[in-house]
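Please find below my notes on this entry, set out as numbered points to be read beside the coordinates.

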Amino acid sequence: MSVHDDLTSVQRCLDDLNRSVGRLEKQLGSGGLEMRRVRTDAEHLRESVALLRAAAATPATQNRPELVTISDTPYDPALWTDSDDEGLGARDRHAP
């Protein structure tokens, strides 16, 4: 199956779940914490599938960041002359 077919199948299952939750709400009432939690979870699933569908619709090359080449040549030692060694302090000073 393709991703589109899988997402369509998941959407159908979520539609069935939504209908079942609606029937349960009619029978049990929508005031209880458990019923609200089930309704909220079903809505979160619906939102997540919508996000997956949107992500699947965009080409994968747009989601990847541009690669930056970092040179293997060493840095100029003059960059580090007045810097502190992390956790050790400056080279010519002593800790109290």
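1. Confidence. This is a predicted model, and the mean pLDDT of the protein is 83, with 81% of its residues reaching 70 or more. Among the elements, helix α1 (residues 3–28) has the highest mean pLDDT, 91, whereas helix α3 (residues 60–63) has the lowest, 60. Where pLDDT is low, the predicted coordinates should not be read in detail.

2. Helix α1. With 26 residues, α1 reaches 36 Å from its first C-alpha to its last, which is close to the 38 Å expected at 1.5 Å a residue. Its buried residues are Leu7, Gln11, Leu14, Asn18 and Val21, and these pack against α2. After α1 comes glycine 29, whose phi is positive, near 90°.

3. Helix α2. This helix covers residues 33–57, and its 25 residues should span 36 Å at 1.5 Å a residue; because the end C-alpha atoms are 36 Å apart, the model agrees with that expectation. Met35, Ala42 and Val49 are buried in α2, and the cover over the buried residues of this helix includes α1. The packing can thus be described from either helix, since the buried residues of α1 pack against α2.

4. Salt bridges between the helices. Side chains of opposite charge can pair when their charged atoms come close, and the count for this model comes to three salt bridges. In one of them, aspartate 15 pairs with arginine 46, the closest N and O atoms being 3.2 Å apart. This pair links distant parts of the chain, aspartate 15 being in helix α1 and arginine 46 in helix α2, 31 residues apart. Another joins the side chains of arginine 39 and glutamate 25, at 2.8 Å from N to O. Because arginine 39 lies in helix α2 and glutamate 25 in helix α1, this pair ties together parts that are 14 residues apart in sequence.

5. A salt bridge within α1. The side chains of arginine 19 and aspartate 16 also meet in a salt bridge, with 2.2 Å from N to O. Arginine 19 and aspartate 16 are three residues apart in helix α1, so about one helical turn separates them.

6. Exposure of the charged partners. How exposed is aspartate 15? Its relative accessible area is 27%, so aspartate 15 is partly exposed, and arginine 46, at 23% relative accessibility, likewise counts as partly exposed. Arginine 39 has a relative accessible area of 21% and is therefore partly exposed, and glutamate 25, at 21% relative accessibility, counts as partly exposed as well. For the pair within α1, arginine 19 is partly exposed at 47% relative accessibility, while aspartate 16 is partly exposed with a relative accessible area of 41%.

7. A nonpolar patch. Which residues make the nonpolar surface patch of about 640 Å²? Val68, Ile70, Tyr75, Leu79 and Trp80 make this patch, and valine 68 is found in the segment after α3. Because its relative accessibility is 69%, valine 68 counts as exposed, the cut-off for that class being over 50%.

8. Reading the model. Any detailed discussion could begin with α1, which has the highest mean pLDDT among the elements, and with the buried residues through which α1 packs against α2. The coordinates of α3 call for more caution, its mean pLDDT of 60 being the lowest among the elements.

Definitions and conventions
Residues are numbered from 1 along each chain as its sequence is written. This is a predicted model: local features need pLDDT of at least 70, side-chain atom pairs count only at pLDDT 80 or more; totals for chains, interfaces and linings use all residues. Side-chain values use heavy atoms; hydrogens and water are left out. pLDDT is the predictor's confidence in each residue, from 0 to 100. Helices (H or I, at least four residues) and strands (E, at least two) are DSSP runs, numbered from the N terminus. The expected span of a helix is 1.5 Å times one less than its number of residues. Buried means under 20% relative accessible area, exposed over 50%, partly exposed in between (1.4 Å probe, protein chains only). Contact means heavy atoms within 4.5 Å. Patches are made of residues with over 30% relative accessible area and no salt bridge: like charges are joined within 9 Å, nonpolar side chains (Val, Leu, Ile, Met, Phe, Trp, Tyr) within 5 Å. Accessible areas come from the Shrake-Rupley method with a 1.4 Å probe; for residues, only the protein chains shown count as cover. A salt bridge is a side-chain nitrogen of Lys or Arg within 4 Å of a carboxyl oxygen of Asp or Glu.
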